[in-house]
Amino acid sequence: PAGVRLTAGPSLDALRLSWSLMTERNSAELSALEPRYVVGNTPSAPFILIAGPLRSGEDAKTLCANLLRKGIPCSVDTFTGNAL
């Protein structure tokens, strides 16, 4: 399934806080999604927040376009990882 990559952080707690703030401010776009994390390769932000699942890559692109208009960095990704 498709997902969206939203942010990276130094800890899982930082990702939980980011997810909480994002869903509070953008509930229409994010409330139905599940947060997951994957381990990245950046020492300063080793954890990456991914939300999903979305039905298709096109749905993920549309969601990212809406979030980018609101100033939230976003990219299409695979919905994978561990539950946050």
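Here is a chat between a colleague and a modeller about how the terms used for this structure are earned.

Colleague: Before we start, what kind of model is this, and how are residues numbered?

Modeller: It's a predicted model, where local features need pLDDT of at least 70 and side-chain atom pairs count only at pLDDT 80 or more, while totals for chains, interfaces and linings use all residues. Residues are numbered from 1 along each chain as its sequence is written, and side-chain values use heavy atoms, with hydrogens and water left out.

Colleague: Okay, what makes D77 and R5 a salt bridge?

Modeller: The term asks for a side-chain nitrogen of Lys or Arg within 4 Å of a carboxyl oxygen of Asp or Glu. For D77 and R5 the N to O value is 2.8 Å, so the pair fits the definition. The structure holds six salt bridges.

Colleague: Which strands do D77 and R5 sit in?

Modeller: D77 is in strand β4 (residues 75-78) and R5 in strand β1 (residues 2-9). They're 72 residues apart, so this salt bridge links distant parts of the chain. Helices (H or I, at least four residues) and strands (E, at least two) are DSSP runs, numbered from the N terminus.

Colleague: Why is D77 called buried or exposed, and what about R5?

Modeller: Buried means under 20% relative accessible area, exposed means over 50%, and partly exposed is in between (1.4 Å probe, protein chains only). D77 has 19% relative accessibility, so D77 counts as buried. R5 comes out at 33%, so R5 is partly exposed.

Colleague: What makes E29 and K70 a salt bridge, and where do they lie?

Modeller: Their N to O value is 2.9 Å, and the cut-off is 4 Å, so the pair qualifies. E29 lies in helix α2 (residues 27-30) and K70 in the loop between α3 (57-69) and β4, so the pair ties together parts that are 41 residues apart in sequence. K70 has a relative accessible area of 46%, so K70 is partly exposed.

Colleague: How do you know that E58 and K61 belong on the salt-bridge list?

Modeller: Their closest N and O atoms are 3.5 Å apart, which is still within 4 Å, so they belong. Both residues lie in helix α3, three residues apart, about one turn of the helix. K61, at 48%, is partly exposed.

Colleague: On to the sheet: what is the order of its strands?

Modeller: It's an open sheet of five strands, in the order β4-β1-β3-β2-β5, with antiparallel pairing. β4 and β5 stand at the edges with a single partner strand each, so one side of each has no neighbour in the sheet.

Colleague: What makes β2 and β3 a pair?

Modeller: Two strands pair if DSSP finds at least two bridges between them. Strand β2 (residues 34-39) and strand β3 (residues 47-54) have six bridges, in the antiparallel sense, so they pass. V38, for example, has I48 in β3 as its bridge partner. β1 and β3 also pair over six bridges, with G9 standing opposite F47. β1 and β4 pair over four bridges, and there G3 has D77 as its bridge partner.

Colleague: V38 came up just now: why is V38 called buried or exposed?

Modeller: V38 has 18% relative accessibility, so V38 counts as buried. Not counting residues up to four places away in sequence, V38 touches P46, F47, I48, I50, T80 and G81. Contact here means heavy atoms within 4.5 Å.

Colleague: And N82, how exposed is that one?

Modeller: N82 lies in strand β5 (residues 82-83). The relative accessible area of N82 is 43%, so N82 is partly exposed. Leaving aside neighbours within four places in sequence, N82 is in contact with P35, R36 and Y37.

Colleague: Last one: what makes a group of residues a nonpolar core, and which members touch the most others?

Modeller: A nonpolar core is a set of buried Ala, Val, Leu, Ile, Met, Phe, Trp, Tyr and Cys residues joined through side-chain atoms within 4.5 Å. The largest one has 18 residues, and V4, L6, W19, L30, L33, L54 and L67 touch the most other members. The elements giving two or more residues to this core are β1, α1 (12-25), β3 and α3, and α3 gives the most, with four residues. As for L54, its contacts beyond four places in sequence include V4, L33 and L63.
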